[in-house]
Amino acid sequence: MKKSEDKKNNSKIKVFSTKIRLKRFDYKELDQRLRLVTYARLFLFLCFLLICTRLWYLQILKGNQFKALSEKNSIKYIRLQPYRGNILDCSGRLIAGVEPSFNIGIVLKDVKNVEWLIERLAPLLQLSPTDIRMKLVASKNQPSYLPIIVRRDATWEELSKVEARLFELPGVVIEVAPSRQYPFGPVAPHLLGYLGEVSLEQLRQKKFANARPGDLVGKSGIELRHQEELSGISGYKMIEIDARGRLVKVLKIKRPEPGKDIQLSLNLDIQLAAEEALSDKVGAVVALDPRNGKILAMASSPKFDPKIFARGVTKDEWKELNNPLLTPLVNKAIQGQYSPGSTFKIVMASAGLNEHVISPSSTFFCNGSFKLGRRRFRCWKKGGHGQTNLYKALVQSCDVYFYNIGLKLGVDRISKYAKGFGLGEKTGIDIKGEKSGLVPTKNWKLRRFKEPWQKGETVNYSIGQGFLLVTPIQLARLISAVANGGKLFRPEYLLNTEPNLQGIVPVKSWILRTIIPALKGVISDKHGTARICRIEGLEIAGKTGTAQVIKQKKRREDEKMVWRYRDHALFVAFAPVKNPKIAVAVVIEHGGHGGSAAAPVARAVIDRWFKLQMPKPSTIIEQTAQKEKAKVHG
Amino acid sequence: MDKKRLLKDFDLPLLLYLFLIMALGLINLWSASAASGYPFHIKQLQWYLIGTGFMCAACSFDYRKLSNYSGYIYAITILLLIIVMVAGKKVSGSQRWISLGFFNLQPSEPAKLLMVIVISSFLAQEDKEQFGLTDLIKPSLLVFIPFILIFKQPDLGTGLLILIIFASLVYFVRLKWSAFITIFAFLLCAIPLAWKIMKPYQRKRIEIFLNPEADPFGGGWHVIQSKIAVGSGGLYGKGFMKGTQAQLNFLPEVHTDFAFSIWSEEWGFVGAVILISIYFLFLLRCLNIAQNTRDKFGSYLVFGITAMIFWQVVINTFMVLGLLPVVGIPLPLISYGGSSVITTLLGTGLILNVKLRRSLFQGS
């Protein structure tokens, strides 16, 4: 019977629509569907009952309680900012700590006439009304009960002016917030980095999960790299206030967790010596411990004051920070790329010996210039060095000697050794922005310029001029490797990390031992180019370098030239010659001769290190006092 | 065709409820607009008008033709979701919108409705008395692709909503008990896995739901403030445009996901229960149509659309009342948003359509 009915139905449907395929419920299915819909109705009813119950609970049962909350808005959450972790030097001295500072802000919710308030507040803070307006506009998306900070790290003068008029400035608040303090002034700002107000982009990153709009976070250097450890976790205070905003009682406190301290391998004494020696120059100093690659000092000049970024950079400051000649924001120690000049002769000598192009006793005759085809390449010494062996060539930095080696090696063999000494690639220091420098090859030039490599370029290359570019930190690692028997460590700035050995210089060990006496002669020999660097009681080995900035047809006295066309001065050194413990690379932009401009800076650094080796009781007392101070701040 | 009969079968009460909800929604958005200074209510009125046009269009043809085009409909759904993935507009981390110049289309909204059509058609054509596990493989695959596309936007809420609508439809076509138990056991095992795949912010929302006090300034803010807003409404509410929580901007997004909380604050328990009751009557009416339609496709279609609206209402109100974590599910017709309004009205149009043509079957 069922079948026949189905047929009947189907035939009827076909009457009015033949194209549409239809499936109809049979009677059994209709019954089941009735049941299913009934259950669905029941479920629907239950859900709405639940909603109504919840509404009843919130609005009737707890209604008065919530009403009180909303009317007086009587419960407030106050966010408690965590203290940022300290940054300490190798002996625990505080380089960057935190101290309370005072911010002046505006709570828009409490302001009746914003323009009126801005007109009153601006002169007190020596800001233009537009500055304040800009800040209000920039944070217009945040809830109106949160203060918008218009002046960070206010001075006592500003504070007292505002405080005295606080009653006639409704909506203006003064809040205490931890801010970075630098007990020794801005030390190594390029390495440490600076703090600034967190950007919208940063807020989306996982690294800044704990930050809220308006917070200060790391923007560069170590502060950025170790933001997560340093930042800590914020807490809050739940308080009850009356209608006038007075505190009734504290309901709940979750204390903020302060950030972790970071201890650097940096030695504050050496760092300060380096910065002092660089203070009136443009350039960079890197001092490494050749035994493990730890950074003892890293300075770049001119330096900047990291505090200005936290309070907001003014237009004039910004202009100064972006001076294209001085580039104060650039960390020249890892981002400056320079021709190594004669410091490259260390690599050349090693390559020549290792490839058996020369022996320790081979000599070349230097008459002051070198002929290649029709071109003449000068030695820096007009009259020439005469008969020159390897020792004399390094001590007196004879160019002709190395022109000869360079031509015998050829460009690609030189480059193989340059790369072997860690040039042309990043050292891997754990900070953003490191540059890799450049080691040219025949193929590279063909690709880059679509021109074959010229022999004359090999000649230039062999005294560290031309396309070759190195960074100060690469030079420091290079001279460290010479000092420690060929080990290339990754430069590290954290004290408690394992040394990271990245490779071994590809020359036989006797070769470095052969070169070192000559490098010692650079300082101690009476014809040495860096005699200025001598320190009594300490054996130092080093090599000077002078890198041309522009091509010169004739030699000219540097003093007569415009500053920005003068040569860069370079110097690399390590000490003591036996069991070396410090290796230094110095680059002075447009400093002139390596021996006269860069070597004294290195001397100042090594001298400070040397004095530290003889401990005095007074320094120990000083150090413990500092530690105590650090503890108090932490 | 018999036009008189068509008119007689037109479901006027359903339409009445619908217009009532829209009217209340407009009043509510008027208040929300005063808080934010943007004329949401005017814009929403435009969407209502456009949506009503769509609704009329949706009941002007024989709905059964939709079943023939379900392949195309599915293709359009996937295409829209892929376009949004490739060329969509990014707003605070989620790529959910296609910019059409005058209008930002949120394809995951119509996708819900389109998937209801596709799945209803598929299940109706399968024509089984009871569905086993193997019968579900094909439709599950059909649902899974749009789910993944929406999940990746990322829009966990809408993605899950599609799954829930699918599950409701499967319930309606009758599932074997054995299949039901297997699926349930499988879902239990899948929860830890789902936790792993979720984006950190999604995980955080669930954590915050479980303990809003842990992060009162971040995500916990919504939940706490929404509860204060609703609770402070009391029995009769604070009155139109007098809700302090919303008007003082304590409560974010009052015009979209938290529209119900401003309604409850300003109109109190009475107003909230009235609004909920209208929804209740509306949905009951829809279920009646689902029950009384003899055509399988039509019945499934109505049930699916009803489920779509029902779940949005339940999830949104539960979220506002602090019974569920914060997910971006709007309250149909009350929350501001063109895509959502048009989808809801289109869906209602289809329900009316099925009701209109119901009698065409009752010849037997």
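**Close-up views of a predicted model**

**Figure 1. Contacts and burial across chain B of the predicted model****.** Of the contacts in chain B whose partners are separated by 6 or more positions, 71% join residues that stand 24 or more positions apart along the chain. The secondary structure in which these residues are arranged comes to 15 helices and three strands in chain B. Chain B has 364 residues, and 52% of them are buried.

**Figure 2. Helix α23 of chain A, with its bend at A:P600****.** This helix runs through residues 594-612 of chain A and therefore has 19 residues. From its first C-alpha to its last, α23(A) reaches 26 Å, which is close to the 27 Å expected at 1.5 Å a residue. The helix nevertheless bends, by about 25°, at A:P600. As for its surroundings, 15 of the 19 residues of α23(A) are buried, so the helix is largely enclosed by the rest of the structure.

**Figure 3. The cis peptide bond between A:S301 and A:P302****.** The two residues are joined by a peptide bond in the cis form, for which omega is about 0°. A:P302 belongs to the loop of chain A that leads from strand β12, residues 295-301, to helix α12, residues 307-311.

**Figure 4. The cis peptide bond between A:A575 and A:P576****.** Here, too, the bond shown is a cis peptide bond, and its omega is about -15°. The loop that holds A:P576 lies between two strands of chain A, namely β20, which covers residues 568-575, and β21, which covers residues 582-588.

**Figure 5. A:D153, a residue with a positive phi****.** Although A:D153 is not a glycine, its phi is positive, at about 50°. The residue is found in the loop of chain A between strand β4, residues 148-151, and helix α6, residues 156-164. Because a residue is called buried when 20 or more other C-beta atoms lie within 10 Å of its own, A:D153, with 20 C-beta neighbours inside 10 Å, counts as buried.

**Figure 6. A:S397, in the loop between helices α16 and α17 of chain A****.** The helix before this loop, α16, spans residues 390-395, and the helix after the loop, α17, spans residues 399-409. A:S397 is a residue other than glycine, yet its phi has a positive value near 55°. With 29 other C-beta atoms within 10 Å, A:S397 is buried.

Note on methods
Residues numbered from 1 in each chain as written. Chains lettered and ligands numbered in written order. Predicted model: local features only at pLDDT ≥ 70, side-chain atom pairs only at ≥ 80, totals over all residues. Helix = DSSP H or I, 4+ residues; strand = E, 2+ residues; numbered from the N terminus. Expected span 1.5 Å × (residues − 1). Bend = angle between axes of the 7 residues up to and from the residue. Buried ≥ 20, exposed ≤ 12 C-beta atoms within 10 Å, placed from the backbone. Contact = placed C-beta atoms within 7 Å.
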